[in-house]
Amino acid sequence: MERINLGSHHEDAAQFREQIRLESGVDERDCYQCGKCSAGCPVAFAMDYMPREIIRMLQLGLIDEVLSSHTIWLCSDCIACYTRCPRSVQLPQLMDALRIRAREKNLAAEKNIGMFGDLLLGLIKRFGRIFEMGLIITYNLKSRQPFKDVLLGPAILKRRKMGLLPHKIRSVDAVRKMFERVKEMESDTP
Amino acid sequence: MRYAYYPGCSLESTGIEYYLSSLAVARKLGVELWEIPEWNCCGASFAHSSSYLLSLALPARNLVLAEKEGLDVVVSCAACYSRLKNAVYEARKSVEVKEKIGQAIGQEYRAQAEVYSMIEVFTNHLGLEKVAQAVVRPLEGLRVASYYGCLLVRPPELAMDDAENPRSLERITMAIGGAPVEWNFKVECCGAFHSTFRPDVGFQMIDRILEDALREGADCIALACPMCMMNLDMRQKDINKMKKSNSYIPVLYFTELMGLALGLAPKELGVNRHFVNAMPLLKKKVLQQ
Ligand code: SF4
Ligand code: SF4
C-alpha cells in the first residue's frame, strides 16, 4: 500500500461514513477488528483487502481505496461473516452500499459485475421474469466478451433447459408499474 | 395439505429438473401445490443492490397473490426462498415498511402468509415417517453429500435450519434409505456468478466443494438451489480441463432422489438432463432393484 496521509482525509470521510451508515444500516464503529469475518470468508483468497480491512479503512477514512478495491466486488454475498460476527456487523449490506458508491464515482474495479445486475433488472422490468439464455447473450454482447457462456448454449438447449423466448407474464404491467412507483417513492424521500 | 407454490425463474429453465421433481414428489406424497398464477421474478440477488424497497416489493407481489387465496407459500429455489422470506420478515418488523411495500405494489400487503422451503414441507409438516412409509425403492448404499450452500441457512433470521451444521437434508436422505456423508463444505458458498465473471475465482470455489465431497467418499451431491446446481454440475467439465484431471461426481436435486425412492421414473424427474450423467451411478446402485 502507498504511504497515506490520514489527516487530510477527515472532513470528506466523516460525511461519507455518515451517508454509508444511512444507506447500509451498518455502523463501521461497531467493528472491533477481531477478524472472524475474514477467517471464514470463502473469497478471501482472491481479495486485495480482507473484509476486516475494508472496515478498518473506512474507520481510518481511506474512502477512495475502499471504493476502488476488488474486494467489494468479489464478495459473493454469502453472509457467512455476518452470521459469525460477534458484533453483528452486516458486511454484505455494507458491501452493497459501497458497490453502488463505487459505480457512482466511477471507481468500480470490476465493471462487468455491476453491469450484469442492471441488465437483469432491465429484463424483469420488461418481462416480469428472467430469461437466462437471453441475459447471458446480452451480457456477453455488452461487455464485448467473446461469447464465453454462449458456447454452453447448445449443450443447454440439448437438455431442453431453456425456451427460445423470454416468458413474458401477462401481468407484466403490474411489475412495470411497481418499478415506477418505487422510483417515485424513493425520489420523494431523500 | 395445500400450499401456494412459487417456482421462480430458474425452475422454468436451467432448473427444470427441480421443477419436475418437486411437483412429482409433492403429488406422490399428497401435498397439493397451487402455482401462483402470473408470479413475477423475486429480484434475486441484484434488486437490493439497486433499491431496498424494490427488493421487498418484487417478492411481496407474489405473497399478496397467495394471501388472497388464504395459503402459505412453498418455495423450491433457495435464493427465491430467501427473498420471499425476507420480505415477510422486514414487513413484520416495521409497519411503515409494510405500508410502503403495499404502496409500491398498489395493493395492501398484510404479511400474513408464511414462507417455507420445500425441504421443510417434508421434514416438518408432512413428517419423515410418512415419507419413509411411501418409499418403494430405498436408496440403499447410496452415499449422499448434502449441500445447503448459503441462502437456506443464512442469515440466521431467515434460515430454515442451523447455520453451521444443518441436518434437514441428511434426515431426508435417511428417510429414503440412503447414507448421508459427513463432510466439510455443506454450507460453503459456490461463488454464485463468479464462475461467469471471474472464472479464475469461481472455479476454485466450486472445485474445493466437489473435491471435499469426493474425498469423503460421496457417490453424489444433493442440493436445493438452481444456482448451485449450475455451478456444481455444469462447470465440472471446465474444471477438469483446467486441472487436467478426470474426476466427476453427479449432482442432483434432493427431490430427484426422493422421487427415485418413491418409485418415479428418472425421466419424469428430469434426472437425465444433468451435465454430469447420473444414470450410470443410479443404474448400478438404485434402479436395478
Ligand atoms: S467479525 Fe465483525 S467485529 Fe470481527 S472484524 Fe469482522 S466485522 Fe469486525
Ligand atoms: S458475505 Fe462477502 S465478505 Fe462476507 S464472508 Fe461472504 S464473501 Fe466474504
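For my notes, Ala, Val, Leu, Ile, Met, Phe, Trp, Tyr, Cys and Pro count as nonpolar, Asp, Glu, Lys and Arg as charged, and the others, Gly among them, as polar. I am working from a predicted model.

**Entry 1: ligand 1**

With those classes in hand, I sorted the shell around ligand 1 and got eight nonpolar, two polar and three charged residues. Which residues are the closest of the 13 that surround ligand 1? I found Cys31(A), Cys34(A), Gly35(A), Cys37(A) and Cys85(A). I also looked up the helices: α2 (36-39) and α3 (51-60) of chain A each give the shell at least two residues. As for the location, ligand 1 sits in the second largest cavity.

**Entry 2: aromatic pairs**

Next I searched the whole structure for ring pairs, and seven turned up over all chains. In one of them, the ring centres of Tyr18(B) and Phe254(B) are 6.3 Å apart; the planes meet at 75 degrees, over the 60 that edge-to-face requires, so I logged the pair as edge-to-face. Tyr18(B) belongs to helix α1 (residues 16-28) and Phe254(B) to helix α12 (residues 254-261), so this pair links parts of chain B that lie 236 residues apart.

Buried or exposed, I wondered about Tyr18(B)? Its relative accessibility is 0%, so Tyr18(B) is buried. Phe254(B), at 3%, is buried too.

I then turned to Tyr147(B) and Trp183(B), a tilted pair with 6.3 Å between centres and 50 degrees between planes. Tyr147(B) lies in the loop between β5 (143-146) and α7 (168-175), Trp183(B) in the loop between β6 (179-180) and α8 (194-197), 36 residues apart. Both residues are buried.

Last note: ring pairs join Tyr18(B) and Phe254(B) with Phe122(B) and Tyr253(B) in a cluster.

Conventions. Residues are numbered from 1 along each chain as its sequence is written. Chains are lettered from A and ligands numbered from 1 in the order in which they are written. This is a predicted model: local features need pLDDT of at least 70, side-chain atom pairs count only at pLDDT 80 or more; totals for chains, interfaces and linings use all residues. Side-chain values use heavy atoms; hydrogens and water are left out. Rings of Phe, Tyr and Trp (its six-membered ring) pair if their centres lie within 6.5 Å; planes under 30 degrees apart count as stacked, over 60 as edge-to-face and the rest as tilted. Helices (H or I, at least four residues) and strands (E, at least two) are DSSP runs, numbered from the N terminus. Buried means under 20% relative accessible area, exposed over 50%, partly exposed in between (1.4 Å probe, protein chains only). A residue is near a molecule or strand if one of its heavy atoms lies within 4 Å of it. On a 1 Å grid over the protein atoms alone, a cavity is a set of points where a 1.4 Å probe fits but cannot get out, and a pocket is an open set with protein on both sides within 12 Å along at least five of seven lines; lining residues have an atom within 4 Å of a point. A molecule sits in a cavity or pocket if more than half of its atoms lie within 2 Å of its grid points.
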